Amino acid sequence: MAWVKFFRKPGGNLGKSYQPGSMLSLAPTKGLLNEPGQNSCFLNSAVQVLWQLDIFRRSLRQLPGHFCLGESCIFCALKGIFSQFQHSRERALPSDNLRHALAETFKDEQRFQLGFMDDAAECFENILERIHLHIVPEETDACTSKSCITHQKFAMSLYEQSVCRSCGASSDPLPFTELVHYVSTTALCQQMLQRRDESFGELLQAASTIGDLRNCPSNCGQRIKIRRVLMNSPEIVTIGFVWDSDQSDLTEDVIRSLGPHLSLSALFYRVTDEHAKKGELLLVGMICYSSRHYCAFAFHTKSSKWVFFDDATVKEVRSQTPNPPLPSLMQIPNSVITKYCSIEV
Ligand SMILES: [Zn+2]
Ligand SMILES: [Zn+2]
Ligand SMILES: [Zn+2]
């Protein structure tokens, strides 16, 4: 799911504080074709969410150039679809060029191959990683390029550290970058039972740290919980839910736990960036999985409506809550990928 960050105006109602269409305008909506045997729904869902994220769409449009890989260039293929979304008169478009570029790029790893179903969250993450490589052609975990959409807009710069409450010893901080923050749904549901009054962000933090116990750095015998500290203020935050099975009976509980808002200070042990401290994210997109099939949802602030994308089919969905709304998800069982993205008003 994608969450957009909002900064609350003093005294303002969050739902009313953003200017309609300022950041998430009504991007033209079109379906993406998935012919029998193509199994492209995982890619189509990832592309729809990327297209609907104004921050991403506009940043991509403004990029002056990229290191092109010709036939297998994911960057060019994605730009091609985006330009078709904008200009084509068709109601549904083929995503074949991107499918081919993806298959060609990951040929050696035998991932995302033609005709085979794959994971939408990993596809989303890999498209972002490839975009980084098309802009800054080197593998780096600490990308500081101003024009790198991936790291400027999506990356969470974190460090983890364990601090012993008993003897005070602390481990060296270990910095890392995350494009998708994965949380186990089993852990989330356990936390929901134990922490009834906590916010969605707090539940996610508890779920992602529970069970991750380390030995005290000075070996005093204590087992301690890891602390994750966020050092930047990403505009788009993606939460990936990890399910134990294809047909989980936790689906309803997980859907019930979803909040339209997510605060970064709740999601991590500590947040150091001032913007991130104040920031509140709004749910703007989701990729869901059910019965070996992916579909996606995206939220339009301009119309305050959720739109549902199932390959060639695009339709508006009723909201579960009025302001800000959540889509009625009960119709879609199983896995939900969430993206919260940040909007500055
Ligand atoms: Zn290219
Ligand atoms: Zn980068
Ligand atoms: Zn200790």
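## Two zinc sites and their surrounding elements

Around the zinc ion (ligand 2), the 4 donor atoms subtend angles of 100 to 118 degrees, which makes the arrangement tetrahedral, a term that requires all angles between four donors to lie between 85 and 135 degrees. This is a predicted model in which local features need pLDDT of at least 70 and side-chain atom pairs count only at pLDDT 80 or more, while totals for chains, interfaces and linings use all residues. Residues are numbered from 1 along each chain as its sequence is written, chains are lettered from A and ligands numbered from 1 in the order in which they are written, and side-chain values use heavy atoms, with hydrogens and water left out.

The 4 donor atoms around the zinc ion (ligand 1) subtend angles of 99 to 118 degrees, and the arrangement is therefore tetrahedral. For four tetrahedral donors the ideal angle at a metal is 109.5 degrees. Donors here are N, O and S atoms within 2.8 Å of the metal (3.2 Å for Na, K and Ca), and sites may look incomplete because water is not among the atoms.

| Ion | Protein donors | Distance |
|---|---|---|
| zinc ion (ligand 1) | His66 (NE2), Cys68 (SG), Cys73 (SG), Cys76 (SG) | 2.1 to 2.4 Å |
| zinc ion (ligand 2) | His132 (ND1), Cys143 (SG), Cys148 (SG), His151 (ND1) | 2.0 to 2.3 Å |

Along the chain, the donors of ligand 1 follow the spacing H-x1-C-x4-C-x2-C, whereas those of ligand 2 follow H-x10-C-x4-C-x2-H. Among the ligand 1 donors, His66 counts as partly exposed because its relative accessibility is 26%, and Cys68, with a relative accessible area of 46%, is also partly exposed. Of the ligand 2 donors, Cys148 and His151 are buried; buried means under 20% relative accessible area, exposed over 50%, and partly exposed in between (1.4 Å probe, protein chains only).

Elsewhere, helices (H or I, at least four residues) and strands (E, at least two) are DSSP runs numbered from the N terminus. Helix α5 (residues 96-105) has the buried residues Leu98, Arg99, Ala101, Leu102, Ala103 and Thr105, and what covers them includes α2 (41-52), α4 (74-87) and α6 (120-135).

Strand β6 (residues 181-184) has His181 and Val183 on its covered face and Tyr182 and Ser184 on its uncovered one. In the parallel sense, β6 pairs with strand β9 (residues 236-242) over 4 bridges, where pairing requires that DSSP finds at least two bridges, and Val242 of β9 is the bridge partner of Ser184. A side-chain oxygen of Ser184 also reaches to within 3.2 Å of the backbone nitrogen of Thr186, at the start of α8.

Definitions and conventions:
Four donors count as tetrahedral if all angles lie between 85 and 135 degrees; four count as square planar and six as octahedral if opposite donors are over 155 degrees apart and all others between 65 and 115; anything else is irregular. A polar contact is a pair of N or O atoms within 3.5 Å; within protein, one must be able to donate a hydrogen and the other to accept it, and residues adjacent in sequence count only if both atoms are side-chain atoms. Contact means heavy atoms within 4.5 Å.
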